[in-house]
Structures are given as structure tokens and as C-alpha cells.
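Here's a quick tour of charge pairs and empty spaces. Take a look at the structure first, then read on.

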Amino acid sequence: MTVKPTTNPNAVSEHMPVTVITTCYGRNRHLYNLLSSLANGSVQPDEVIIVNDDADPKRLADFALNIVKIPTTVDLVDSADHQTLEHQTLEKSDKTEFDIGHNRNIGAARASHDTLIFLDVDCIVAPSFIEQLSTKLNQYPNALLMGQPRYLTRPLSNEESLALQKGALTNDYLNHLSVYNPYRDNFDAKQSMSNEAAPTAIKKTDDYGAFWSLCFAIKREQFEKIGGFDTQYTGYGAEDTDFAFTARQLDINFYLTADLIYHQQHAVYRPPLNHLESIIVNANRFYQKWQCWPMGGWLEQFSEMGLIDWTNEQSNSITLLRQPSSKEIELAYYPDAAYV
């Protein structure tokens, strides 16, 4: 379904041949903030694909964007000949269960352009993000590029969301409201500023474990070379590290960029006990493929709590020893945290 926009006097006229892909369910407040930021960028992506089952088409039509809404229940097809892809295992393609890797693959298969920018639904892009990141990808077309996240310390108010939709929420305002994650590789704030003389910064890295699929860009050819996201990962955790490790195996260079997105604040669990079972399944899957353990910090915390039988040196699968108690879950809940 293609959503036709209404007239927006604040919309910019310049478009770039870029497809933005996002997916969500039950996160429509975040989705509408993301779309507001895309509509008010220095350029607009020519296409925004939303793999989603519950967004309101009338609400989507408020945004001056070319929005293509695809249900999460469709089969994954190749965009060239519309034949179901055979290189992926798609057990969930006929189910309504939310599967982020499968949904991203759907979006990529239906994209009209070769430049693909993937954004999690809880992103808000800086005005120069699409322009700067797509320009860099055209300079390094065989590479994988990732943007720079900052983390909002609280949800946007209704008034702030309205200002964002009108293009009146500035970078300075969002910078004041956000922080860097100190556990990630961060650029200096000045490197995120762009002008004609000095675009935002970029640097090559060999640390593919630093890749996070929150905000990244890749050409269609490289995405298909990787094979998309491995749909054997279920729920939460490790699918993005697996994607990056496959890129490394294929000698696809990885670049970090200073192009900003703002991660919209929502409650988290530290450690993520709400995703315990999927983290175990995905960690076992990852070790089978790569002979090393992902998410080591979380696995260590689960082990120290007596929830799993695991050490970083083991080669056998992780065993779930017990479920967390209601008290442990309560203590792990951080409603006001900026990041996990």
C-alpha cells in the first residue's frame, strides 16, 4: 500500500534516490516522530518503506513523504522477479509474530532504489542525516556504514512532537536533551556538524562487533551479497552482529560515521531479563556459526544470577537453569534509562 501525502508547506522539494526502511508494531508514536524528522531533513528520501501492521494510513498521509506500507505477513520476494527467495529460511513468513530481521529483508526486497538506509523505529534523524550518510555511501559503495546515535533522556512531549513535525525542533534542543552511550565508540560533537566546507566525519574500523542495526546504510548489491539478515535468529539479540560478521567474512569494509540519529527514550531492563529466552537461543545460534559468544556482558550477568549455565570458554550450548523471579525482574526494570 502506497500512502499519498497531503500538502505540507514546510516540506523540502529536493529528494535523493534513497529508500529508508523501518519496521515496528505497537510503536506508532515513535514511528510518527521518525517520519516527522525524515520529512523535515535537508533532503528527503525518495521512498520510505514501513513494514508494519497497525499504523493508521490516514495518519501516515499527514507526512509529505512517499510512504510504502507493507504488512509483516507477506512472503519475502526478490524485487527483480518477485520469486520467493530460497537462500533464507522463512518459517515465520506466514505468522503475525514480529520478526525484525525478516521484516527488514521484506523492506529491502521491495525497495525501489539501490541506496538502502535502515532505521529502527525509535530513531529521530538529524536534518543532515539522510543527505550526509547517502553521500558517504556513494563514495564507498562497497561498504557498510553506520550512523552515530545519541540517546534522549526522556520521551518527547506532545508539544515537542508537534514542533518536530513542523520542523521547529532544532539539533541544539535535541543535543541538550540527549547523551552519548559511554560504552560505544563516539565521535566528538563537533564532528557531527556539517557544512559545505566540512561534512560530518567518517572513519574505517575493523571492530565489526561495534555494528548496530539501529541506523545503517548499505547498497542493495552488498545487502544481497550478505544474504540479508539471518532469519534463524528469533526475537531480540545478535542478528545485527551476525550481519556484520558476515560482511567481514566477505571483505566488506565497515565505516562509522558522525551522522546523528536521536534514539527515543523508552523503558529498559538491565540486564534484559525480558529477552532472556531469545538471547539464549540467539547466542547459541551465533556460536554455532562463528565459534565465539555474542552479548558476553549480558550472558555473564545472567550466569552470575544463576539463570544460565555459561562461561565464555565453553563450546557447548547455553542451558537455561531457571526463570528470573518477579523480584529480580522488578529490580532490573529502569523506566527512565536512556539506553540498555
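## Ground rules

A salt bridge here is a side-chain nitrogen of Lys or Arg within 4 Å of a carboxyl oxygen of Asp or Glu. Keep in mind that you're looking at a predicted model. With that cut-off, the count comes to 13 salt bridges. The general idea is a familiar one: side chains of opposite charge can pair when their charged atoms come close.

## Two long-range pairs

Start with Asp259 and Lys136, whose side chains form a salt bridge at 3.1 Å, N to O. Asp259 sits in strand S11 and Lys136 in helix H4 (residues 129-139), so this pair ties together parts of the chain that are 123 residues apart in sequence. Are the two partners buried or exposed? Buried means under 20% relative accessible area. Asp259 comes in at 1%, so Asp259 counts as buried. Lys136 has a relative accessible area of 4%, so Lys136 is buried too.

Next up is Arg104 with Glu239, a salt bridge at 3.7 Å, N to O. Arg104 belongs to helix H3 (residues 100-110) and Glu239 to helix H8 (residues 239-249), which puts the partners 135 residues apart and links distant parts of the chain. Both Arg104 and Glu239 are buried.

## Another pair, and a network

Glu160 and Arg154 also meet in a salt bridge, this one at 2.7 Å, N to O. How do the partners fare on exposure? Glu160 has a relative accessible area of 7%, so Glu160 is buried. Arg154 is at 32%, which means Arg154 is partly exposed.

Then there's a group: Asp230, Asp242, Arg285 and Lys289 are linked in a network of salt bridges.

## Closed cavities

How many cavities of 30 Å³ or more does the structure hold? There are 2 of them. The largest cavity has a volume of about 40 Å³. Its lining is made up of Asp99, Ile100, Gly101, Asp230, Tyr233, Thr234, Gly235 and Glu239. Two of those names have come up already: Asp230 from the salt-bridge network and Glu239, the partner of Arg104. By class, the lining has 2 nonpolar, 3 polar and 3 charged residues.

The second largest cavity has a volume of about 30 Å³. Ile21, Thr22, Thr23, Arg104, Phe118, Leu119, Asp120 and Ser213 line this one, so to speak bringing Arg104 back into view. Strand S2 (15-24) and strand S5 (115-119) each supply at least two of the lining residues, and S2 gives the most, with 3 residues. The class split is 3 nonpolar, 3 polar and 2 charged residues.

## An open pocket

Now for the second largest pocket, with a volume of about 280 Å³. Its lining has 17 residues, and Asn171, Ser192, Met193, Ser194 and Leu260 lie nearest the centre. Which elements give two or more residues to that lining? They are helix H6 (171-176) and strand S11 (254-263). Helix H6 gives the most, with 3 residues. Strand S11 is also where Asp259, the partner of Lys136, is found.

By class, the lining of this pocket has 6 nonpolar, 7 polar and 4 charged residues.

Notes. Residues are numbered from 1 along each chain as its sequence is written. This is a predicted model: local features need pLDDT of at least 70, side-chain atom pairs count only at pLDDT 80 or more; totals for chains, interfaces and linings use all residues. Side-chain values use heavy atoms; hydrogens and water are left out. On a 1 Å grid over the protein atoms alone, a cavity is a set of points where a 1.4 Å probe fits but cannot get out, and a pocket is an open set with protein on both sides within 12 Å along at least five of seven lines; lining residues have an atom within 4 Å of a point. Grid points are joined across faces, edges and corners, and a volume is the space filled by probe spheres set on the points. Helices (H or I, at least four residues) and strands (E, at least two) are DSSP runs, numbered from the N terminus. Ala, Val, Leu, Ile, Met, Phe, Trp, Tyr, Cys and Pro count as nonpolar, Asp, Glu, Lys and Arg as charged, and the others, Gly among them, as polar. Buried means under 20% relative accessible area, exposed over 50%, partly exposed in between (1.4 Å probe, protein chains only).
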